[in-house]
Amino acid sequence: MYPFTKKTVLLSLNATFLAAATAFSASANAQETLHVYNWSDYIADETVANFEKASGIKVVYDVYDSNEVLEAKLLAGKSGYDLVFPTARPFVDRHIKAGIYQKLDKAALVNYQHLDGDILKSLADIDPDNAYAVPYMWGTTGIGINVKKVKAILGDEMPLDTWSLIFDPKISAKLAQCGISLMDDATEVFAAAHAYKAENNNDFSNKSIDAAAETVRAVRGNIRYFHSSQYINDLANGDLCVAHGYSGDILQARDRAAEANNGNEVAYFAPKEGAVVWTDVMVIPKDAPNPKAAHTFINYLLQPDVIAPITNYVAYANANKDATALIDEGVRNDPGIYPPAETRANFMVLKTPTDKQARTMNRAWTRLKTGQ
Amino acid sequence: MNPSLSGNNPLAKLSGRGLLIGAPWFWMGVFFLLPFLFIIKLSLSEAALMQPPYLPFIREIEDGLVTLVVNFGNYSLLFEDPLYWKALLSSIEIAAIATLVTLLIGYPMAYAIAKAPKAWRLPLLMLIILPFWTSFLIRVYAWIGILKTNGILNDALLGLGLIDQPLEILYTPTAVYIGIVYSYLPFMILPLYATLIRLDDTLLEAAADLGCPPWKQFLTVTLPLSLPGIIAGSMLVFIPVMGEFVIPDLLGGPNTLMIGKLMWTEFFNNKDWPLASALAAVLLVVLIIPFVLWQHFEKRLEMRQ
C-alpha cells in the first residue's frame, strides 16, 4: 500500500486528538506505553487487546491512510511513535538513507525464524542484512472489476486480466460511462502505463516519464476520478466498473458487495502485462521513546498464530512462512491474496527514483490530472 | 494634592493603554509574524533527504566558520513553471466566482432577515449559524452522499421523472462551487445583516416622499449604504476560499486545480517543504492586495463622511 488519499485530513486530525487524549490518560498511571502508527484497517480486531493482555504494555494505536502522511511526520522528527508500518519501496529505501530508523535488536526477536526467507532476501538490496525492517504484509496493485457490468459491455470473450481495459483508448471509451478510476499516485499509474506498453518501468528519465504520461493522457477523458481508496466503496456499490487499486482493498470491496448481496460481483486481477508488488514493513524510528516495547510488539506479531488471523481479516498475505497453514482455506487459496507461480512471474518490483526524478514525476502527474 | 500621585497618573494611563494596544500586537507577532518568518526562512532553504527534509539556512562549514546559504531557486521555479501561476489564476477564478454566487444568494437572505419582524430575526439568524455546530468536514462529506451518481439528489430527480439519466455533479467544478457556497454562506450573510440592520429607514421614507420608486430606492440608497457589508462579506469568503483545500479535494474532480491542493502535493508527495513554503508566501502576498484595496476604500469612505 503506498500512496496518499483524501481521508487523510480526517484521519490525521483524529490521530492527533487520540494521541493527545491517550497521552493524558497514560500519564495517570505508570504503566509502560507503546505508540504504534499503522495503516487504517490493517490489523485484526483482537490483536492489540490480546497483546496488551499478554505483555502488560499499554498500546496507543493511531492510523494513517497514506505513506506521505507518515513520511511527513517521521521527517519532521520527534513523531513520538515507537513502531511504524511504511511501504518498503520507495519509502523505507529513502528513509534508511536519511538515517531516521534504528537498527533492530534481533536477539529480542525470537520469532524472527518464522519469516519467509525469500521475502527477506527481496528487501536486502534496500536494507542490507535486513538490519532495519521486518516485513509485515505484501500485496499487489492491479485492477478491480465489476464482472457482470464489464462483460455486458465488452462481451464474454474479452480477457479481464489486462491493463488494456484502462489504457486502450477504444476499450476504455466503452467502459467510461460505467466508470473507471485510477489511483492518485504517479508511481503506481506510470508503472502500470509502462507495463501496458511493455516499457521499462524503472527508467525514470524525463523521456520515460513523458511516454507514460502520454499513455495516460490518451485515455484521460475516460477516467472518472483519481483516488487511492474511494474505489473500495464505489466498486462494492456498483458506482464503478473498473478500478486501479491494491489487491486487498479490492478484495474487501468484493466481500462487501457479497455481504450486501446487491448483485455486484467484484473480482481482482493482477494484469498479465505486469502488476506492481509491494511489501509493507515494521520499522522503529531512531527517536522512538520506547524501542524495547516496539521489539516486544514486533516479536508478538511474528508469532504464526497471531499474524494468521490478521491476514484472514485484512486480505493481504503476510511474510510469515509458518503462518500459511493456519490461515483460512478460502483466504489461503485465493489467487488474489496468495497468487500462483505463473502470476508471480509477471510481478514488477519498483526501484526508487531520486528525489528530483520523483518531483518531476509528481509534477507531470499534477499536469496530467488537471489537464494542463 | 499629592504631587507624586498626580505625576504617576498619566504614566499609569499610558501603560494601561499601552497594554490594551500591545495585546493584539503581541498576538499578531507571535501567531502571525513569527510563523510567517519561519515560512520565509524555510522557503529560502533547499530540500534534501534528511530529517527535517531541508538543508539548514545557516550552516557550519568548518569549526566555528558559519555560512549563510540563501536559495532563491524555489521562487524562480514558481515563476518559471506555468503550473504554479495557472493554479494561482485558477484559484482566483474559483474564489471570485464563488464569492459572487455567495453574494447573490446571501444578499437577499440577509435583506430578508433584516426586514423580518423583530421576533423572527434571532431564530432566522440561529438557522444561519446552526450548521456551524456540526464539523465542517462532516458537512462537506454529506455533500458526497447528496451529489453522487446514486445519491439522494439523483434518486429524487429520477424518482420524480425530471431526468432520465443521473446527473454527473460530484467530482466536477460544479460540486466544488456548491460546496464552497454552502460552507461560506454564513460568512457573507452575517456582515451583510449587520450592515443592513443599521440602515436608517428614514432615508428610505424621505426617498419615497420625494417620489422614488422602491427599486430605485434600493439601488440608490440601500445598496450603496450596504457596501461596507458587501466588501467585508466578500473578503471573508474570497480569502479563505483562495487557499481552500478540503472542499476541492473531497468534492472536486481531478481537473480542479487549486493552490491549496498543489501545496499539499509539494509538502507530502514531493517532500519539498521549501517550495511549499515559497508557494504559501506568494499566496499571502497575493491575498494582501485585496486587503490593502479594502483599507484604501474605507479611508475614502471615511473622508467623504
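## Helix 12 of chain A and the residue after it

In this predicted model, Asn261(A) has a positive phi of about 55 degrees and sits just after helix 12 of chain A. Helix 12 itself covers residues 247–260 of chain A. Its 14 residues, at 1.5 Å a residue, should span 20 Å, and the C-alpha atoms at its ends are 20 Å apart, so the expected and computed values agree.

The buried residues of this helix are Ser247(A), Gly248(A), Asp249(A), Ile250(A), Leu251(A), Gln252(A), Ala253(A) and Arg254(A). They pack against two helices and three strands of chain A: helix 11 (231–237), helix 14 (304–314), strand 4 (134–146), strand 7 (242–246) and strand 8 (266–269).

## Domains of chain A

Chain A is split into two domains, each made of two segments. Domain 1 takes in 8–139 and 279–339, while domain 2 takes in 141–276 and 350–370. A distance of 28 Å separates the C-alpha centres of domain 1 and domain 2 of chain A.

Where the domains of chain A meet, 12 residues of domain 1 contact 11 residues of domain 2. Helix 4 of chain A (residues 88–98) provides the largest share of the domain 1 side, with four residues. By class, that side of domain 1 of chain A consists of six nonpolar, four charged and two polar residues.

## A parallel sheet in chain A

Three strands of chain A make up an open sheet with parallel pairing, arranged in the order 2-1-3. Strand 2 (58–64) and strand 3 (83–84) of chain A are the edge strands, each pairing on one side only. Strand 1 (residues 33–39) of chain A is joined to strand 2 of chain A by seven bridges. Within this pairing, Leu34(A) has Val59(A) in strand 2 of chain A as its bridge partner.

Helix 13 of chain A (residues 291–301) packs on the sheet and touches strand 1 and strand 3 of chain A. The direction of helix 13 makes about 55 degrees with that of strand 1 of chain A.

## Contact between the chains

Between the two chains, 28 residues of chain B are in contact with 31 residues of chain A. On the chain B side, helix 3 (82–115), helix 11 (246–251) and helix 12 (259–269) of chain B each contribute at least two residues. Helix 12 of chain B gives the most, with five residues.

The side of chain B that touches chain A comprises 15 nonpolar, eight polar and five charged residues.

## A hairpin in chain B

Strand 3 (residues 58–62) and strand 4 (residues 65–68) of chain B run antiparallel and are joined by four bridges. Arg59(B) has Thr67(B), in strand 4 of chain B, as its bridge partner.

These two strands of chain B form a hairpin with two residues between them. In the turn, Gly64(B) has a positive phi of about 75 degrees.

## Leu204(B)

Leu204(B) lies in helix 8 of chain B, which covers residues 201–209. The residue counts as partly exposed because 16 other C-beta atoms lie within 10 Å, whereas a buried residue would need 20 or more and an exposed one 12 or fewer.

Leaving aside residues up to four places away in sequence, Leu204(B) touches Gln217(B) and Val221(B). Ala276(B) is 72 residues away from Leu204(B) along the chain, and the C-alpha atoms of the two are separated by 52 Å.

Terms used. Residues are numbered from 1 along each chain as its sequence is written. Chains are lettered from A and ligands numbered from 1 in the order in which they are written. This is a predicted model: local features need pLDDT of at least 70, side-chain atom pairs count only at pLDDT 80 or more; totals for chains, interfaces and linings use all residues. Domain bounds come from an automatic or database domain assignment. Two residues are in contact if their C-beta atoms, placed from the backbone, lie within 7 Å. Ala, Val, Leu, Ile, Met, Phe, Trp, Tyr, Cys and Pro count as nonpolar, Asp, Glu, Lys and Arg as charged, and the others, Gly among them, as polar. Two strands pair if DSSP finds at least two bridges between them. Axes are lines fitted to C-alpha atoms, for helices over the stretch in contact, and angles run from 0 to 180 degrees between N-to-C directions. The expected span of a helix is 1.5 Å times one less than its number of residues.
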